[in-house]
Amino acid sequence: MSQTAIRRLDARAPDFSATLDALLAFESSADERINQAVTEILCAVRERGDAAVLEYTRRFDGLDVHSAAGLEVPRSELRAALDGLGKPQREALELASERVRLYHERQKGESWTYTEADGTVLGQKVTPLDRVGLYVPGGRAAYPSSVLMNAIPAKVAGVGELIMTAPTPMGEKNPLVLAAAAITGVDRVFTVGGAQAVAALAYGTQAIPRVDKIVGPGNAFVAEAKRRVFGTVGIDMVAGPSEVLIISDGSGHADWVAMDLFAQAEHDDLAQSILLCTDAAFIDAVHAAIDRLLPEMPRAETIARSLTGRGALIHVESLEQACEIANHIAPEHLELALDQAEGWIEKIRHAGAIFVGHWAVEALGDYCAGPNHVLPTMRSARFSSPLGVYDFQKRSSVVQISRDGAQKLAHAAAILADGEGLQAHARSARMRL
């Protein structure tokens with residue numbers, strides 16, 4: 001008898017669509033307590049700069065620094081962290097860094113122009129952002145992989161300066177995070193976290209420079225602060241809980257599928273792990289594997305709550321139906337755990353990342369496969385893309401109109417401007433005739 005209370009659903013059931021939509025529903029808005037706290041912090045940092053940052057750093061991180069200059073990590077300390085890594089960690093970090101860099105170098109956009117017969121030149125100028133802020137969770141919950149995935153595409157894009165903030169509760173610095181900052185070429189690192197770090201990056205203080213865009217994950221306070229400063233600066237996204245959707249034809253290993261579901265569920269209680277499978281017996285085997293393997297997991301309680309609250313094992317009639325459901329879900333991560341997986345890639349329209357075949361486990365994508373692990377969540381893969389070099393470049397239109405070209409275009413523009421009641425526009429165009 002299975003003990004894990006994960007939902008078992010059948011796509012043929014008359015109420016399946018409604019049940020699935022209820023399972024997918026997630027309210028991302030912050031509660032009033034978070035709203036009030038973020039409002040206070042953003043206003044304080046904007047008005048009082050470093051003094052407010054130091055105050056919140058003492059209050060929330062227990063880090064008593066007497067001047068904002070003391071919040072900056074010297075470059076020598078970053079280098080020392082990299083040099084101090086053990087050989088296995090350093091080699092893993094270097095491998096991941098190189099693979100992520102090689103992948104993202106293929107994304108770099110280039111400026112272009114074309115010339116029309118009358119000599120008019122039109123085009124697009126691609127320019128990297130001047131300065132970007134990278135938020136990285138710190139202390140024990142530290143993620144060097146986040147440094148790689150955010151810093152490397154920014155550097156490939158040619159960003160002029162990359163400023164990293166990472167909280168260090170009670171002064172505890174994670175050497176892997178500092179080493180990742182060194183290996184990716186982060187320019188400056190400050191030991192500041194929370195909404196106060198987002199505010200400092202967005203508005204600038206005496207010590208922390210104002211940036212043009214803020215990227216990187218964080219807790220609910222960080223996410224709300226990023227949402228609130230959008231417009232003053234750009235942001236990557238306001239991400240929701242992690243998600244994985246696995247499509248199976250029953251040809252794989254039940255233990256592998258169970259562990260892939262665990263890999264997302266262990267993030268937090270709100271993470272979502274779903275299996276779509278054509279083989280009812282294989283679903284039984286996966287469920288049995290979940291029960292057998294769960295007690296071995298250090299984060300078993302979190303995994304169990306996640307699977308119970310937002311997970312599902314779903315029996316589908318066909319792989320075609322599975323793909324239709326997958327496109328409706330638009331998951332962050334999609335695993336095609338199929339023997340002949342390549343043929344099904346074209347059926348997938350909406351997914352942050354597609355992992356093809358039994359060996360393409362999503363966990364490899366989180367660290368070292370090469371593509372970015374910052375992916376759209378909460379069904380936003382319907383209209384959003386993974387973080388990439390293009391997020392650190394902007395495009396300007398180039399318009400160079402010849403004398404002959406102006407004779408044709410000014411006449412048309414003036415007629416259209418008259419139709420909109422914008423007489424100055426029309427007259428400005430006609431003056432070129």
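This briefing goes through the strands, one helix residue, the cysteines and a surface patch of the structure shown above. The model is a predicted one. Among its features are an open sheet of 6 strands with mixed pairing, a strand, β13, that is largely enclosed by the rest of the structure, and a nonpolar surface patch of about 270 Å². The structure holds 0 disulfides.

**The open sheet**

- The open sheet places its 6 strands in the order β2-β7-β6-β5-β8-β9, and the pairing within it is mixed.
- At the edges of this sheet stand β2 (72-73) and β9 (234-235), and because each has a single partner strand, one side of each is left without a neighbour in the sheet.
- Within the order given, strand β5 (residues 131-135) and strand β6 (residues 161-165) run parallel and are joined by 5 bridges, and one of the positions to look for is Arg131, whose bridge partner in β6 is Glu161.
- As background, strands of a sheet pair through backbone hydrogen bonds, in either a parallel or an antiparallel sense.

**Strand β13 and its partners**

- Strand β13 covers residues 333-337, and 5 of its 5 residues are buried, so the strand is largely enclosed by the rest of the structure.
- In a regular strand the side chains alternate between the two faces of the sheet.
- In β13 both faces are covered, with His333, Glu335 and Ala337 buried on one side, and Leu334 and Leu336 buried on the other.
- Strand β10 (residues 243-248) pairs with β13 in the parallel sense over 5 bridges, and Ile246 is the residue that stands opposite Glu335 of β13.
- Strand β14 (residues 353-356) also runs parallel to β13, to which 4 bridges join it, and the bridge partner of His333 in β14 is Ala353.

**Strand β12 and its partners**

- Strand β12 (residues 312-315) likewise has both faces covered, since Ala312 and Ile314 on one side and Leu313 and His315 on the other are all buried, a term used here for under 20% relative accessible area.
- Strand β1 (residues 7-10) runs parallel to β12 and is joined to it by 4 bridges, with Ala312 of β12 as the bridge partner of Arg7.
- Strand β11 (residues 272-277) pairs with β12 in the parallel sense, again over 4 bridges, and Leu276 stands opposite Ile314 of β12.

**A buried serine in a helix**

- Ser97 has its place in helix α5, which spans residues 87-105, and its relative accessibility of 11% means that Ser97 counts as buried.
- Leaving aside residues up to four places away in sequence, Ser97 touches Leu148, Ile152 and Ile183.

**Cysteines**

- With 0 disulfides in the structure, Cys323 is in no disulfide, and the nearest cysteine sulfur to that of Cys323 belongs to Cys277, 13 Å away.
- Cys323 counts as buried at 4% relative accessibility, whereas Cys43 is partly exposed, with a relative accessible area of 29%.

**The nonpolar surface patch**

- Val399, Ile401 and Leu409 make a nonpolar surface patch of about 270 Å².
- Of these residues, Ile401 is found in the loop between β15 (393-400) and α15 (403-419), and Ile401 is partly exposed, with a relative accessible area of 44%.

Methods. Residues are numbered from 1 along each chain as its sequence is written. This is a predicted model: local features need pLDDT of at least 70, side-chain atom pairs count only at pLDDT 80 or more; totals for chains, interfaces and linings use all residues. Side-chain values use heavy atoms; hydrogens and water are left out. Helices (H or I, at least four residues) and strands (E, at least two) are DSSP runs, numbered from the N terminus. Buried means under 20% relative accessible area, exposed over 50%, partly exposed in between (1.4 Å probe, protein chains only). Contact means heavy atoms within 4.5 Å. A disulfide is a pair of cysteine sulfur atoms within 2.5 Å. Patches are made of residues with over 30% relative accessible area and no salt bridge: like charges are joined within 9 Å, nonpolar side chains (Val, Leu, Ile, Met, Phe, Trp, Tyr) within 5 Å. Accessible areas come from the Shrake-Rupley method with a 1.4 Å probe; for residues, only the protein chains shown count as cover. A salt bridge is a side-chain nitrogen of Lys or Arg within 4 Å of a carboxyl oxygen of Asp or Glu. Two strands pair if DSSP finds at least two bridges between them.
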